[in-house]
Amino acid sequence: MSSMPLIEARGLTKKFRQAVKEPGLVGSLKHFFTRQYRDKMAVDHIDLSVEAGESVAYLGPNGAGKSTTIKMLTGILVPTEGSLIVDGLVPYEKRQQNARNIGVVFGQRTTLWWDIPVIESFNLARDMYEIPVKRYKQNLAEFTELLGLAEFMNVPAGKVSLGQRMRADLCMALLHDPKMLYLDEPTIGLDIAVKDSIRKFIRRLVDERGTTVMLTTHDLGDIEDICNRIVIIDSGRIIHDGDLGALKDNYARDRVIHFQLARPPESMAAICAGLPACETTSDDGLRLSVRFDRFQYAAGEIAAAVMPHVEVIDFHIDEPEVEDLIRKVYLGQLSLTAPESTAEATESAVATGA
Ligand SMILES: Nc1ncnc2c1ncn2[C@@H]1O[C@H](COP(=O)(O)OP(=O)(O)O)[C@@H](O)[C@H]1O
Ligand SMILES: [Mg+2]
């Protein structure tokens, strides 16, 4: 039992039928009489195993299939194909039982009752999940303390601030001791201090309670502070699965080394012979930059090739901005910059004779 991953998806697929409509009035009429449908592969044969205690960032551009995956994991949607087991259960077959194992927090939506004091929502959760009274009291006391809920416990959810609401929602999702917590943009719209306290809280859950976390976020800080693993989905397929270091290695292999020169070089051609992308980057000709693949060259090799031709006063190397990388993930540009996928594309083009 314990050797099995908490989440095990094999070839997990969700197709939606989408109505296709030609533009204009004629299109509308035609559509009315003979509806055309097209299958949309929202999630396209993904394999994903998550061990208990992992904290996974699940990232990808809009429409990539993140929410559809989470909905299948929580049992809201039935997969079209493939197998899915979460904590020994098929989620959509055992929705109620699955619900006891999971907590869900959406940054944009609340599970608190709007009109009644926050504490009353918690009490309703206690009754709904039949949480033992002692356990409920322990959890409530701990989360109240860690999340600073006391000051608005008796205020209706509709009257608290966004940051307070998010903290209360976290408590609400966790009172029944779920093994697994799904978070969708948990820090969106919050100020830095609240973000920080929420991240610390979630990380503590992972470390101290062994809660398994899966979250979607646009915020690099969430990923860095909470997650040990990053899974990226694009057009329904997983295109990356690894830690932040692996993401940098795979998608940000480029480094730029900048040289500050004593005098403008006499011959750029002489310097750049045998080097990758090499250019002067200032009008006075005193700055020289070389962009290189760090798996192909060592920075020292580049420096050694440049030094004999010019007098170098100083140099530094640009590290890739992980922030840019995450931005690219959301723009759907990551696969374009990945050398592996370029190689693959070329190979398959060759294979098919294209
Ligand atoms: N209920 C639905 N009916 C038809 N198409 C859907 C439905 N839900 C999602 N889709 C489509 O499936 C794809 C994946 O959507 P979604 O999982 O919401 O992406 P994400 O959460 O990554 O933004 C999108 O192209 C979206 O339009
Ligand atoms: Mg979504």
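Helix packing, sheets and domains in a predicted model

Helix H6 and helix H7 (residues 192-209) pack against each other at an angle of about 10 degrees, and their axes are 10 Å apart. With an angle under 35 degrees counting as roughly parallel, H6 is therefore roughly parallel to H7. On the H6 side, the contact is formed by Gly163, Met166, Arg167 and Leu170, and on the H7 side by Val194, Ile198 and Phe201. Sorted by character, the residues of this contact comprise five nonpolar, one polar and one charged. As a word of orientation, the structure described here is a predicted model.

H6 also has a contact with helix H5. Helix H5 (residues 133-147) packs with helix H6 (residues 162-174) at an angle of about 155 degrees, with 10 Å between their axes. Because angles over 145 degrees count as roughly antiparallel, H5 is roughly antiparallel to H6. The crossing of these two helices is right-handed. Asn139, Phe143 and Leu147 of H5 meet Arg167, Leu170, Cys171 and Leu174 of H6 in this contact. The residues of the contact of H5 with H6 divide into five nonpolar, one polar and one charged. Readers following H6 through the model will find Arg167 and Leu170 listed in the contact with H5, and Arg167 and Leu170 listed again in the contact with H7.

Attention now turns to the strands. An open sheet of six strands is arranged in the order E5-E6-E7-E3-E8-E9, and its pairing is mixed. Strand E5 (102-106) and strand E9 are found at the edges with a single partner strand each, so one side of each has no neighbour in the sheet. From one strand to the next, the twist averages 15 degrees.

Two pairings show what mixed means in this sheet. Strand E6 (residues 180-184) pairs with strand E7 (residues 212-216) in the parallel sense, over five bridges. Within this pair, Leu181 has Val213 of E7 as its bridge partner. Strand E8 (residues 229-234) and strand E9 (residues 237-242), by contrast, run antiparallel and are joined by five bridges. Here Ile232 is matched with His240 in E9 as its bridge partner. E8 and E9 form a hairpin with two residues between the strands, and in this hairpin Ser235 takes a positive phi near 50 degrees.

A further open sheet is built from three strands in the order E2-E1-E4, with antiparallel pairing. Strand E2 (36-50) and strand E4 (81-86) occupy its edges; each has a single partner strand, so one side of each is left without a neighbour in the sheet. Neighbouring strands of this sheet are turned against each other by 30 degrees on average, with direction ignored. Strand E1 (residues 7-20) runs antiparallel to E2, and eleven bridges join the two. One of the matched residues is Ala9, whose bridge partner in E2 is Leu48. Helix H2 (residues 66-73) lies across E1, E2 and E4, and runs at about 120 degrees to E1.

Finally, the chain can be viewed at the level of domains. The domain assignment divides the chain into domain 1, covering 7-242, and domain 2, covering 253-318. Taken over C-alpha atoms, the centres of domain 1 and domain 2 are separated by 47 Å.

Notes:
Residues are numbered from 1 along each chain as its sequence is written. Chains are lettered from A and ligands numbered from 1 in the order in which they are written. This is a predicted model: local features need pLDDT of at least 70, side-chain atom pairs count only at pLDDT 80 or more; totals for chains, interfaces and linings use all residues. Two strands pair if DSSP finds at least two bridges between them. Helices (H or I, at least four residues) and strands (E, at least two) are DSSP runs, numbered from the N terminus. Axes are lines fitted to C-alpha atoms, for helices over the stretch in contact, and angles run from 0 to 180 degrees between N-to-C directions. Two residues are in contact if their C-beta atoms, placed from the backbone, lie within 7 Å. Angles under 35 degrees count as roughly parallel, over 145 as roughly antiparallel, 65 to 115 as roughly perpendicular and the rest as oblique. A crossing is left-handed if the near helix is turned anticlockwise from the far one by less than a right angle, and right-handed if clockwise. Ala, Val, Leu, Ile, Met, Phe, Trp, Tyr, Cys and Pro count as nonpolar, Asp, Glu, Lys and Arg as charged, and the others, Gly among them, as polar. Domain bounds come from an automatic or database domain assignment.
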